[in-house]
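Student: I would like to work through this model with you, beginning with local backbone features and ending with the chain as a whole. Could we take it one question at a time?

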Amino acid sequence: MNTSSSSRPIPRLAGVCGWPIHHSLSPLMHSWWLKQMGVSGAYVPFAVNPRTAVDAFRSLKDTSISGLNVTLPLKTSAFEAADVATEDAQKLGVANCLYKSRGQLVAHNTDLEGFAAPLLAKMGADVLQASSVLVIGAGGASRAVIGALMSLGVPEICLVNRTDSKADTLVEQVDVPSLYALPWARRQEAVGRADLIVNASAAGMEGKPVLDISMEGGRSGALVYDLIYTPRVTALMQDAIANGMDTLGGLEMLIAQARPSFKLFYGQFPPLALDPTEVLIDALQSGRR
Ligand code: NAP
């Protein structure tokens with residue numbers, strides 16, 4: 001940790017950028033960890049205009065800001081602005097985290113780790129390596145999910161997306177035999193074949209239509225992992241429970257992708273015992289951020 005001549009820690013500043021950004025739970029989560037861990041620093045939201053985001057990110061090197069998380073719609077600009085990219089950021093071509101190392105601006109992506117950590121805790125690597133997975137959605141989150149599943153050695157990934165052409169394009173880009181697309185019209189038949197079903201689409205989020213896929217016919221004991229965290233228990237998860245399936249919600253991923261960012265910005269991992277779930281649920285329920 002940096003120290004001044006009087007050995008007082010120099011407060012480290014980090015934050016999250018988006019456009020808009022007022023809805024983000026990240027400031028609450030990181031600030032809670034800072035306080036609980038007694039780390040000298042702050043974490044604040046920054047609204048950054050997408051038109052000038054690349055320049056804004058490049059100027060980070062001339063500031064005392066330790067690093068930034070980056071959310072929609074700035075993840076591509078963050079990747080472009082960086083001097084170098086980590087392997088995880090390169091896999092996805094977008095960054096959700098920028099930090100400085102040896103005078104260079106580094107693009108990183110913690111979504112792969114964030115998706116994988118709660119999944120591994122729930123299923124275990126051995127089970128995953130013998131599992132058939134259905135992924136719903138073909139946007140940015142889906143890329144992280146597929147990248148993480150491939151790294152974990154999952155043997156079969158079926159992708160369905162409301163707009164078939166986007167699923168086809170994603171499969172062509174990734175180009176591995178274990179990943180294939182099924183037309184949206186046939187999505188229901190994929191449910192019964194999956195040991196793990198991941199909703200990486202925006203459907204089911206508060207204020208959006210629910211996902212038009214039934215869990216009826218799903219394998220008993222299969223896991224349904226919904227990346228959405230508002231609401232905490234989605235209609236898809238309720239459907240899964242009613243059909244004897246296990247569930248995992250998006251709040252776990254939100255927390256798991258934040259831990260490695262905190263380490264990059266403040267030099268230490270928040271201990272697993274410091275779980276901000278209740279703080280976040282309270283904020284979501286009260287509308288406070
Ligand atoms: P995105 O790039 O905008 O992609 C949205 C995806 O959702 C597209 O595949 C889109 O299909 C699909 N979609 C939207 N409305 C739909 C509907 N009514 N029925 C079926 N499919 C629909 O968004 P993203 O960044 O991938 O994020 C997707 C979701 O993951 C969001 O809800 C986000 O909150 C969540 N997420 C959570 C975490 C976490 O930490 N828990 C992290 C990242 C993302 P089309 O191609 O047909 O438009």
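Student: In which loop does Asp-175 lie?

Tutor: The model is a predicted one, and that should be kept in mind throughout. Phi of Asp-175 is near 55°, a positive value in a residue other than glycine. As for its place, Asp-175 belongs to the loop between helix H8 (164-174) and strand E9 (179-181).

Student: Is Asp-175 buried or exposed?

Tutor: A residue counts as exposed when its relative accessible area is over 50%. Asp-175 has a relative accessible area of 63%, and therefore the class for Asp-175 is exposed.

Student: Which loop holds Arg-102, and what is its relative accessible area?

Tutor: Most residues other than glycine have a negative phi. Arg-102, however, has a phi near 50°, which is positive in a residue other than glycine. Its loop is the one between strand E5 (97-101) and strand E6 (104-108). Arg-102 is exposed, and its relative accessible area is 83%.

Student: Which residue does a cis peptide bond join to Trp-19, and where does that residue lie?

Tutor: Most peptide bonds are trans. Here, with omega at about 10°, the bond from Trp-19 is cis and leads to Pro-20. Pro-20 is found in the loop between strand E1 (12-18) and helix H1 (26-37).

Student: What is omega for the cis peptide bond between Thr-230 and Pro-231?

Tutor: Pro-231 is placed in the loop between strand E11 (223-226) and helix H10 (235-242). The cis bond that joins Thr-230 and Pro-231 has an omega of about 5°.

Student: Which residues does Thr-110 touch, if residues up to four places away in sequence are not counted, and how far in space is Pro-260 from Thr-110, C-alpha to C-alpha?

Tutor: Thr-110 sits in the loop between E6 and helix H5 (111-123), and at a relative accessible area of 0% Thr-110 is buried. Outside that window of four places, Thr-110 touches Asn-96, Gln-257, Pro-260 and Ser-261. Although Thr-110 and Pro-260 are 150 residues apart in sequence, the C-alpha to C-alpha distance is 6.8 Å.

Student: How far apart in space are Ala-89 and Asp-246, C-alpha to C-alpha?

Tutor: Ala-89 lies in helix H4 (residues 87-92) and counts as buried at 0% relative accessibility. Leaving out residues up to four places away in sequence, Ala-89 touches Phe-79, Val-94, Ala-107, His-108 and Asn-109. Asp-246 is not in that list of contacts; Ala-89 and Asp-246 are 157 residues apart in sequence, and their separation in space, C-alpha to C-alpha, is 30 Å.

Student: Why does Gly-267 count as partly exposed, and which residues is Gly-267 in contact with beyond its neighbours within four places in sequence?

Tutor: Gly-267 lies in the loop between helix H11 (250-266) and helix H12 (277-286). Buried means under 20% relative accessible area and exposed means over 50%, so Gly-267, at 47% relative accessibility, counts as partly exposed. Beyond its neighbours within four places, the contacts of Gly-267 are Arg-12 and Phe-262.

Student: Which domains does the assignment give, and how many residues does the contact take from each?

Tutor: The domain assignment gives domain 1 (5-109 + 257-286) and domain 2 (112-248). The contact takes 10 residues from domain 1 and 9 residues from domain 2.

Student: What distance separates the centres of domain 1 and domain 2?

Tutor: The centres of domain 1 and domain 2 are taken over C-alpha atoms. On that basis the separation is 27 Å.

Student: What is the radius of gyration of the chain?

Tutor: The secondary structure of the chain comes to 12 helices and 12 strands. For 289 residues the globule rule gives 19 Å, and the chain comes close to that value, so it is as compact as a globular protein of that length, with a radius of gyration of 19 Å.

Student: What share of the 289 residues is buried, and what share of the contacts between residues at least 6 apart in sequence joins residues at least 24 apart?

Tutor: Buried residues, those under 20% relative accessible area, make up 49% of the 289 residues. Among contacts between residues at least 6 apart in sequence, the share that joins residues at least 24 apart is 65%.

Definitions and conventions
Residues are numbered from 1 along each chain as its sequence is written. This is a predicted model: local features need pLDDT of at least 70, side-chain atom pairs count only at pLDDT 80 or more; totals for chains, interfaces and linings use all residues. Side-chain values use heavy atoms; hydrogens and water are left out. Helices (H or I, at least four residues) and strands (E, at least two) are DSSP runs, numbered from the N terminus. Buried means under 20% relative accessible area, exposed over 50%, partly exposed in between (1.4 Å probe, protein chains only). The radius of gyration is taken over C-alpha atoms; the globule rule is 2.2 Å times the number of residues to the power 0.38. Contact means heavy atoms within 4.5 Å. Domain bounds come from an automatic or database domain assignment.
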